[in-house]
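Welcome! Take a moment to look over the sequence and turn the model around before reading on. The notes below are about charged pairs and a patch on the surface.

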Amino acid sequence: MKTEDTMANAKTTARPVHDLVVVGAGPYGLSVAAHAAAHGLHPVTFGRPMESWHAMPSGMFLKSEPWASHLSDPAGAYGLDAYASERGTRAEHGVPLPVSFFAAYGDWFARRAVPAVDERMIASVAPAPEGFLLTAEDGGTVRARTVALAVGVLPFLEVPGPLRHLPRRYVTHSSHHGELAALAGRDVTVVGAGQAALETAALLVEAGAAAVRVLARADRLRWNTLPPALDRGLWPTLRAPHTGLGCGWRNKLYADTPGVFRRLPAATRARLFGSALGPAGAWWLRERFAAVGDVRLGHRITAAAVTGDDRLRLDVEGPDGTGVLETDHVVAATGFVPSLDRAGVLDPALRSALRTVGPAGAPETGALFESSWPGLFLAGLLTAPSYGPSMRFVFGAGYTAGRLVKGVRRRLRAGGRGGAVVGRPRSGERAARVGA
């Protein structure tokens, strides 16, 4: 649905200047918009709600616990548990929920907590007088004093170097796939050792692929264990407290104190970001994954080319030396790298002006999620090198949204708004839910 502002004025020069435009309508973008709306900022959100979640193959499940998978509104009125209750479904600890259920929950959240969603995609965010000029995919433009960039993970997908030159007919990223039926009857090699790789491999077997193998640099597969009960007594809880990122005190620090993570020395942050919460399969996937009979650990692809019979030849190094592997298709389930260079939605001049952090060159993020360019705020994966591993998960949206909107309100006050009051809820709307 498109707002009257953006529809009526997209092609004209007399456009209003919005206080806040949110770019992205996934968990982080919707959460930011919900907090902004509750504080009277009248945000406009661009993007198709939960698009990447809707595109995932059926048969996928959430790895996180239901209580760690809420989108965020100030009063907590629209959590996953509220949606499940409305649907007559129990969202229970230790019981995985289908990804499709979570995507539908995001749609429900958007309808109730986010007042203005324009389903066009934003193609460019550029500096302009009074803030920013955003250009949509259809050429329409919108002006904004502040922008919250919450573009999710898809712009940052990572494919191993030797595979990058090959067309998608032969090589895809795991995030490219909805249903996997197109690979039925084919020989498929999945690269990676994390949840995406292991679950994709299991789904390929179930979809009727002729052969499925997993190729991973790791020397062993790691599996999460069945989570202990929430109520398990004082001593077990003190030894390994539950957190939205798993049990344990280290995870609790990542989950509860992203602001402390941001204050660590840059080298320490980079080391922890690269090692914390490494690749692992969910406990409930292990039995299904047993159907994948060919798992090659300690291997990496050094070169790849299309053969004369329209297959892929992979040169592979492993514990026993080098070898050659032929396959019909490679699915790279090799994660995402939050590099500023991959944030193509940002105008090149704006992108090159931002300060960066970490070896991948992610944009540096301040205490309230503002980048080094005044008025440009960041949410989600791009902030993980600054704020830590929780920003790689839906769980981090709760920490981000309220603080980011506080930063937006502060920036608007600093910039002036012709005497208008910043942060006052709309009359009669959500006032009871704001809580501040």
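Is D310 buried or partly exposed? With a relative accessible area of 31%, D310 is partly exposed; values between 20% and 50% fall in that class. Keep in mind that this is a predicted model. Across the whole structure, a search finds 22 salt bridges, and a few of them are introduced here along with a nonpolar patch.

**A bridge between two loops**
- D310 pairs with R169 in a salt bridge, and their closest N and O atoms are 2.3 Å apart.
- The pair ties together parts that are 141 residues apart in sequence, because D310 sits in the loop between β11 (300-306) and β12 (312-318), while R169 sits in the loop between β6 (141-149) and β7 (171-173).
- R169 counts as exposed, at 53% relative accessibility, whereas its partner D310 is partly exposed.

**A bridge within one helix**
- K252 and D256 also form a salt bridge, with 2.7 Å between the closest N and O atoms.
- Here both partners belong to helix α8 (residues 249-256), where they are four residues apart, or about one turn of the helix.
- K252 is partly exposed, with a relative accessibility of 26%.
- D256 is partly exposed too, at 40% relative accessibility.

**Another pair, and a network**
- E364 and R355 meet through their side chains in a salt bridge, at 2.9 Å from N to O.
- E364 counts as partly exposed, its relative accessibility being 30%.
- Salt bridges can also join into a network, as they do for D187, R213, D294 and R296.

**A nonpolar patch on the surface**
- Which residues form a nonpolar patch on the surface? They are L234, W235, L238 and W249, and together they have about 520 Å² of accessible area.
- Helix α7 (residues 234-239) gives the most to this patch, contributing three residues.
- W235 is found in helix α7, and this residue is exposed, with a relative accessible area of 59%.

**To look for in the viewer**
- Start with D310 and R169, and follow the chain from one loop to the other to see the parts that their salt bridge ties together.
- Then go to helix α8 and find K252 and D256, about one turn of the helix apart.
- Finish at W235, an exposed residue that belongs to the nonpolar patch.

Definitions and conventions. Residues are numbered from 1 along each chain as its sequence is written. This is a predicted model: local features need pLDDT of at least 70, side-chain atom pairs count only at pLDDT 80 or more; totals for chains, interfaces and linings use all residues. Side-chain values use heavy atoms; hydrogens and water are left out. A salt bridge is a side-chain nitrogen of Lys or Arg within 4 Å of a carboxyl oxygen of Asp or Glu. Buried means under 20% relative accessible area, exposed over 50%, partly exposed in between (1.4 Å probe, protein chains only). Patches are made of residues with over 30% relative accessible area and no salt bridge: like charges are joined within 9 Å, nonpolar side chains (Val, Leu, Ile, Met, Phe, Trp, Tyr) within 5 Å. Accessible areas come from the Shrake-Rupley method with a 1.4 Å probe; for residues, only the protein chains shown count as cover.
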